[in-house]
Amino acid sequence: MQTTSTFAVPASRIPNPQGAITNGLVGISFEFFAFPEYFNATAMPLTAKCLANLANASSWNLPTDSHRRNDARPRDLRSCTRFSHAPASLTYGNSFMDVAAQYEGDFVTLGLNRRLNQLSNTEDASKYAVSKMANLFALELGNEPEFYGSSSPIAGGATWNPTADANSQITWQKAVGATINKSNIIQAGVRLQPQFGWSIAQIVPFVSANGTSPLVTSFGEHSYPQSACGGAATNLTDLVSHKSIVNYCKQYASESAAARSIGKHYFISETNSAPYSWWGRNTTFAPYYGAIFAATALADATSIQAMDDGTTPYAAYAIYTSASSTTPSRILLYNSDTYSGSGTRSSRAFQVTGLPTSVSSVTGLRLTGPSTSARVETGGVPSISGLSFSNADCGPVGAVCEGEFCRFRRSGEYKFTDVNYFQNLEFENASRNANPQGPLTNGLVGISFEFFAFPEYFNATAMPLTTKCLANLASASSGTDRATYSATQTSAVSYTVSSPTDAPASLTYGKPFIDIAAQYQGAYVTLGLNRRLNQLSNTVDASKYAASRMTNLYAFELGNEPEFYGTSSPIAGGGAWNPTVDANSQVAWQKSVGAAPASACSPKTGVPLREPVGKRFTISETNSATCGGGGISPTFGAALWVVDYTMQLIINGADAIFFHHGTIGNSPYSWWGRSTTFAPYYGAIFAATALADAKSIQALDDGTTPYAAYAIYTSASSATPSRILLYNSDFYSGSGSRASRTFQITGVPSSVLAVTGLRLTGPSTSAKVETGGVPSISGPVGVKRLETFAVAGGA
């Protein structure tokens, strides 16, 4: 049955926030190191024509954004390296801490010996660690002291109990604190779960009463729901049971409250199930998938709230990424029913109520496995919506992520009317409660390492998976803010990679790189320069040459995505790195670079604020999915997305939008490759055509349905739009009957009897040019047919 959506032309015209729109709203950005090859006519013969088409469609000189992305590396990972019970004894040297210092996460906790009662030895180790490790978060003095006993040297033959341990911790905190002359450096406690009678709550009053609170930055506790020690039996059904998990974790609420009563953080600084490593020398094990899934669900979260009462096998969690909104950004659904792998798998439908009426569909990721007892090492590989991890390098394999690592923001779509997914179980979120720890931060899922095994974990030959697995867990994206300018280099870029499809970890570039950019005929080229490496004079030299050579230079970007730098980045100088520090750094570099070029060209920052200083605002890098794109990126659906996304960004104030293009041959979101023009390019052409000579654009719908209409004005004064763009986002698989939708436009001037239009169509939403699914803009390739539509009675 055919249905109708009605959109009315507005009675009055509302200005866009950026004022009159100019041409050049849809542009291209290129991966820094790949940019020269894109403009090599032999290697990339499509570039010139594709850019010309885009420029012709919008009747302007195309702005390009030639810059690189920053080096995004693991951050906010709590890597707890500590002494434990295997082997029976060991020694370690400065090189151990040198290895720890090379890890580029921001939070490393180092465990030091207290059981042997060799205080001066621990002080010596703490001094070297503090002097060497810029990433040091805390020192742990001893480990699981409930296992010491009166025969341990620290007990001196006397009774060893929670009180004796608390007094010992205080004594050592004072001694080590005085030795290193540093506050907020001790992670106290380090006891095994409170159910055994040794708790954090017992130690907190000692810290508070004995003056070591300024030395203590946090309290850490270890937790293991089951034990496999000595061959003890474990129970998988009980491990995954939601009810069991809820009951087990309740013991930590009072522990957390005790730590926070004196203003300290509380960490579960060591935990797992039983035999538990997430990866080995040549295997990425099943629990790693759960860690990735949990970290993805919690990305950018500020709070999380349970929506169930914990008494059934099924759970729902509301996850908030805004500090003030009462509407969750994500809901995590958990089914702990077990499946043996034989027979019919049981199913459970979930229904989520209380959602805003404006929400008609949601997207989601699903973690699944062949059975509850499945193991990767015996062929039972889990999946995150089609994604798995390579046993060779822990790299992503599958439909969700391909090529460069991604942040797992891609997903399939589920309608609320889909009874197979959202139904039967009802969870209602009536109000939002604060978490006891306050706003959550990134880095909630981390790794701890056995003390003696830690160096081998970071030995690239023995354990090649470690680096990549940590990078995945941190949701780190690849790219470069490592480009160093060389005025004497004769090649455009110089770098080394193991595969032609890899992005280089570092590179140098010379004057020929800038010469290529200068040859581009567009009027707006943004050049990204290095700030992360803190080589200001090198960046100034590059800016001087660029300003003297590039008549098409629009702006410099000084650094890229600085939120991924971290304290270990050279620009941070070992200090804290946050938005305020970055802003001050940007201002300092703006002043230095702005004063440097001997040219009439006045460099601008790449992404300035519009108000209140009257500057342009650009989306200087974007595309359908991060890290080069995924399975969704080269589809006709992505072409449709380009159209609607472009209109929405403009309505929300963007002066220009630059769609990113990455590694040639390994960047699914690029609009063309060496021999193919991909589907999203058709959407770009269509959007640019619709916006040609536009002065303003206005949405005619309220954004609550799959259908949209935009009024586009090419006159600065007329209240009548020159064009109306209609958008239908209904999904079509390519099989069966395609649904249709009738659009009715009311309020058209009575003098208008007919209009002409262009239609963007494709074989299916998932169609790809490279597999024969070529889109069309009102006709076959090389033909553009204007369709005619009758108008009667102003509609």
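Biologist: Which are the buried residues of H4?

Modeller: In this predicted model, a residue is called buried when its relative accessible area is under 20%. Applied to helix H4, that criterion picks out Thr122, Glu123, Ala125, Ser126 and Ala129.

Biologist: Within what arc do the buried residues of H4 fall, seen down its axis?

Modeller: An α-helix has 3.6 residues a turn, so residues three or four places apart point the same way. On the other side of H4 from the buried residues, Ser120 and Ser131 are exposed. The buried residues line one face of the helix, because, seen down the axis of H4, they fall within an arc of 165°.

Biologist: What covers the buried residues of H4?

Modeller: The cover comes from both helices and strands, with contact taken as heavy atoms within 4.5 Å. It includes strand E5 (107–112) and strand E6 (136–141), together with helix H3 (94–102) and helix H5 (162–180).

Biologist: How far apart are the end C-alpha atoms of H4?

Modeller: Helix H4 runs over residues 119–132 and has 14 residues, which at 1.5 Å a residue should span 20 Å. The model agrees with this expectation, since the separation of the end C-alpha atoms is 20 Å.

Biologist: What is the order of the open sheet of three strands?

Modeller: The pairing in this sheet is mixed. Strand E22 (483–485) and strand E23 (493–494) each pair on one side only, which means that they are the edge strands. The order is therefore E22-E24-E23.

Biologist: Which residue in E24 does Thr484 stand opposite?

Modeller: Strand E22 pairs with strand E24 (residues 507–509) in the parallel sense, over three bridges. Across this pairing, the residue in E24 that stands opposite Thr484 is Thr508.

Biologist: What angle does the direction of helix H14 make with that of E22?

Modeller: Helix H14 (residues 536–549) packs on the sheet and touches both E22 and E24. Taken between the N-to-C directions, its angle with E22 is about 65°.

Biologist: Is Ala684 buried or exposed?

Modeller: Ala684 lies in helix H17 (residues 679–690), and its C-alpha atom is separated by 8.9 Å from that of Leu640, 44 residues apart along the chain. Because its relative accessibility is 0%, Ala684 counts as buried.

Biologist: What percentage of the residues of the protein chain count as buried?

Modeller: The secondary structure of the protein chain comes to 17 helices and 36 strands, and residues 24 or more positions apart account for 74% of its contacts with a separation of 6 or more. The accessible surface comes to about 35200 Å², with 52% belonging to carbon and sulfur atoms. Of the 795 residues, the share that counts as buried is 49%.

Methods
Residues are numbered from 1 along each chain as its sequence is written. This is a predicted model: local features need pLDDT of at least 70, side-chain atom pairs count only at pLDDT 80 or more; totals for chains, interfaces and linings use all residues. Side-chain values use heavy atoms; hydrogens and water are left out. Two strands pair if DSSP finds at least two bridges between them. Helices (H or I, at least four residues) and strands (E, at least two) are DSSP runs, numbered from the N terminus. Axes are lines fitted to C-alpha atoms, for helices over the stretch in contact, and angles run from 0 to 180 degrees between N-to-C directions. The expected span of a helix is 1.5 Å times one less than its number of residues. Buried means under 20% relative accessible area, exposed over 50%, partly exposed in between (1.4 Å probe, protein chains only). The arc is that of the directions from the helix axis to the C-beta atoms. Accessible areas come from the Shrake-Rupley method with a 1.4 Å probe; for residues, only the protein chains shown count as cover.
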